[in-house]
Amino acid sequence: MYGGLDSNLLLQYIAWVSYPVVLITFSAGFTQILAPQAVGSGIPEMKTILRGVVLKEYLTFKTFVAKVIGLTCALGSGMPLGKEGPFVHVASLCAALLSKFMAALFGGIYMNELRNTEMLSAACAVGVGCCFAAPIGGVLFSIEVTSTFFAVRNYWRGFFAATFSAFIFRVLAVWNQEEETITALFKTRFRLDFPFDLQELPAFAILGLACGFGGALFVYLNRLIVECMRKQKTINKLLLRKRLAYPALVTLLVSTLTFPPGFGQFMAGKLTQHESLVALFDNRTWCRQGVAEEFDYISHHHAWKHPQVNVFITLVLFIIMKFWMSAVATTMPVPCGAFMPVFLIGAAFGRLVGEIMAAMFPDGIHANGSVYPIVPGGYAVVGAAALSGAVTHTVSTAVIVFELTGQISHILPVMIAVILANAVAQALQPSLYDSIIRIKKLPYLPELGMGHHEKYNIRVEDIMVRDVRFITLTSSYRELQEMLLTGQLKTLALVESRDSMILLGSIEKLQLQSLLSLQLSRQRRLTHLRRLLLDSDANDNLTSLTSLTSDSAPASPRHSNAHQGVRFLIAEWEEQQLDEPLDFKNSKIDPAPFQLVEQTSLHKTHTIFSLLGLDHAYVTSMGRLVGVVSLKELRKAIEGSVTVTGVKVRPPLASFRDSGNTSSISEVTELHKLCIRHRGLSLPREPRPPDQCEVE
C-alpha cells in the first residue's frame with residue numbers, strides 16, 4: 001500500500017502509520033482481554049518457574065493463543081521489537097500442554113514434577129534454537145538466562161530438541177523456495193585464512209567496552225521508563241488505565257519518526273530488521289575517507305545512501321534513534337522481546353566502528369609484508385554479539401552469531417568483546433531479565449553479591465518464622481478446620497505432639513481438605529440419619545429425611561419444623577465428628593520434607609534453595625520443629641544484608657554472637673557448645689543424661 005501511493009505524500013504517511021498502529025492496538029487489546037500473562041518477553045517468568053515457583057495462568061492454553069496471535073501482530077507491525085523471548089515462552093507453553101496431554105493419557109512418570117521441569121528446560125532451548133536456527137547457541141543461551149544451577153542430565157535433551165527445531169525452521173525456508181538449501185540465516189563471506197590483524201584487537205576491545213556501557217544504559221533506560229510511568233499519576237490515569245492508548249501513542253511516534261520521506265530517510269527507516277542486518281553484515285566497505293561510494297551490490301543500498309549526508313551520519317542517527325525507540329517500544333503491553341533490537345543496534349555500532357577503521361586505514365593494515373584489509377562487517381558481527389551479551393549478561397551470544405553467520409573466522413575478537421562487555425555491564429546494571437523480575441516483583445531468589453562478608457554471619461534462626469502452622473498425631477478435626485480457615489500455606493508440618501515437637505513429615509493442604517471433607521461427607525450424614533431412623537419409630541424422622549433428600553418437597557409448617565430438627569441433629573453430629581482425632585490412613589504424608597538446622601548460614605541456605613528449587617524448608621533443632629523459612633524471608637534477608645550502598649545490616653539475633661566473626665572464620669561449631677545449647681532440650685524418646693554429651 002505504501003509503495004503504490006508515491007504521488008500523494010499524505011496518503012503515504014497515513015498508510016505508513018495506520019498499519020502498525022492498528023496491529024499493535026489489536027495485539028494489546030486481544031492479549032489484555034484473553035490472557036494478560038502473555039504480555040512481555042516471557043523469559044523472566046520462565047526463569048521464575050524453573051526456579052520452583054508456581055505462577056498461575058502462565059502455562060495455559062489461553063496464554064498460548066494470546067501469545068501466538070499477539071506476537072504475530074506485534075512483529076508484523078514493523079516496530080523495533082524482538083521475538084526471542086516470546087519464542088521461549090511459546091515453546092514452554094507447548095511443552096507444558098504436551099505434558100498435561102501425556103499425563104492425561106498415560107499418567108505415571110508424566111505426572112512427575114521433575115519430568116515437567118526437564119520438559120520446560122528443553123523447551124527454553126527449543127525457543128532460542130528455532131528463533132535463530134542456532135541449536136548450540138540456543139541451548140547455551142537458555143541455560144545462562146533461565147538457570148542458576150543446571151542439571152547436566154537435561155543437556156542432551158536440550159540439544160536433541162533444539163537441533164530438530166532449528167532443522168525444521170531452516171527446512172521450511174527451503175520448502176517455501178526462499179532458500180536453495182539449508183544455509184545460515186545471515187550468511188557472510190569474510191576471509192577465512194586470517195581475517196584480521198593483531199593491531200585491530202585494541203579496536204575490538206574498545207568496541208566491547210563501549211557495548212558494555214551501552215548495554216547497561218539500555219537496561220537502565222528501560223527500567224527508568226517503566227518507573228516514571230508508574231510514578232506519574234496523570235500518565236497512569238490517561239494511559240495505563242486505557243491499555244490501548246499507550247501502545248497506540250508509542251507506535252504513532254515511532255512510525256512518524258521512521259517515515260522514509262521524512263526523518264526516516266536519514267536512518268534507513270524503510271528497512272526491516274532482517275534487511276538491516278543483511279546490509280550491516282556485508283563484508284565490503286561502504287565508504288573510504290568519509291566519502292560515500294557506490295555500493296549497488298547491496299540490495300537495499302538506497303536506504304543507507306543519502307545525497308546530503310554520508311554513511312557515518314546515517315549510522316549514528318540509526319544507533320541513537322533505534323536505541324531509545326527500542327527501549328520505549330519494549331515497555332508496551334504486547335508480547336515482545338528485546339534481543340533482536342539490541343542485536344541490531346550492536347551490529348550498527350560495530351559497523352560504525354568498522355567504517356571508521358576503514359576510513360583511517362583505506363589500504364588496510366600492513367604487517368610482515370602482508371596487507372590485511374579492514375572488514376567492517378566483521379566489526380558488525382562483534383558489536384552485535386557484544387551488545388546483546390551485555391544486555392542479557394550472557395556469553396553464548398558469541399556462539400549464536402557464529403551459527404547465524406555460518407563461520408567462526410572472528411572467534412577471537414568476538415569472544416574478547418563479549419567478555420569485556422559482560423564485565424562492564426554486570427558491574428553497572430542487572431541483566432534485562434533480572435530487571436524485569438524486579439519491576440514485576442516476581443518471587444525470584446536474588447543472587448548473593450560478591451565481596452559481602454556479612455552474609456556468612458546470618459543464620460537461619462535469624463530470619464525464620466517461629467510461628468509455624470502444624471498438626472499433631474492427636475489433633476482433632478476441629479483443629480484441622482481452624483487451621484485450614486486461618487492458614488494460607490500449601491503444606492502443613494506434622495509433628496509427634498505439642499510437647500515433643502518432633503518433626504515427622506509434612507502434608508499438603510489438599511490432602512487435609514480431603515480428610516475433612518471425607519469426615520463430614522454427605523454420605524456419612526445420610527448414614528447417620530438412617531441409623532437414627534432405625535433406632536426410633538417416629539414418623540417425623542422419616543418425613544425429615546425425605547424432605548432433606550428431596551428438593552421438590554412441598555413447604556409446610558410441619559416440614560419446616562422437621563427440617564429444623566434434622567438440621568439440629570446434623571449440627572450435633574458434626575460437632576461430635578469434629579472432636580474426633582484425625583485419621584491419617586487415607587492421606588499421603590511426605591516423611592522427608594526439606595529441613596535445615598537452625599545454625600545453617602545464609603550462604604548455605606541460598607545455595608540449597610537455588611540448587612533444589614525449594615519454596616520453603618523447615619528449621620529443626622535436635623529433631624524438634626522450631627521454625628520455617630521460605631523464599632520470602634530468604635529474599636528479604638539477602639536484600640537487607642547486601643544493600644546497594646554497601647551498608648551492612650545486622651540481623652536481630654546477631655548481638656548474641658561474637659562481633660568479631662568474619663567470613664574467614666570456620667562455620668564449624670564446637671561440639672561442647674552444641675551440648676550446652678541443647679542441654680535443656682529433652683527428647684521424648686529415650687532421653688539421655690546430660691553427661692553423655694561430654695567429649696571423651
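Biologist: I see strand 9 in an open sheet. What is the order of the strands there, and what is the pairing?

Modeller: Start with the general idea. Strands of a sheet pair through backbone hydrogen bonds, either parallel or antiparallel. Here 3 strands make an open sheet in the order 8-9-10, and the pairing is mixed. Strand 8 (595–597) and strand 10 (624–630) are the edges; each has a single partner strand, so one side of each lacks a neighbour in the sheet. The twist from one strand to the next averages 35 degrees. Angles run from 0 to 180 degrees between N-to-C directions, with axes as lines fitted to C-alpha atoms, for helices over the stretch in contact.

This is a predicted model, where local features need pLDDT of at least 70, side-chain atom pairs count only at pLDDT 80 or more, and totals for chains, interfaces and linings use all residues. Residues are numbered from 1 along each chain as its sequence is written, and side-chain values use heavy atoms, leaving out hydrogens and water.

Biologist: In which sense do strand 9 and strand 10 pair, and over how many bridges?

Modeller: Two strands count as paired if DSSP finds at least two bridges between them. Strand 9 (residues 616–621) pairs with strand 10 in the antiparallel sense, over 6 bridges. Tyr 618 faces Val 628 of strand 10. Helix 25 (residues 602–612) packs on this sheet and touches strand 8, strand 9 and strand 10. Its direction makes about 170 degrees with that of strand 8. Contact means heavy atoms within 4.5 Å.

Biologist: Now strand 6. What order does its open sheet have?

Modeller: The order is 5-6-7, with 3 strands and mixed pairing. Strand 5 (470–472) and strand 7 (503–508) stand at the edges with a single partner strand each, so one side of each has no neighbour in the sheet. Strand 6 (residues 491–495) pairs with strand 7 in the antiparallel sense over 5 bridges. Ala 493 has Ser 506 of strand 7 as its bridge partner. Helix 21 (residues 509–519) packs on the sheet, at about 80 degrees to the direction of strand 7.

Biologist: Is helix 6 mostly covered or mostly open?

Modeller: Buried means under 20% relative accessible area, exposed over 50%, partly exposed in between (1.4 Å probe, protein chains only). Helix 6 is mostly covered, with 9 of its 12 residues buried. Among them are Val 139, Phe 141 and Ile 143.

Biologist: How many helices and strands are in the protein chain?

Modeller: Helices (H or I, at least four residues) and strands (E, at least two) are DSSP runs, numbered from the N terminus. The protein chain has 27 helices and 10 strands. Of its 696 residues, 49% are buried.
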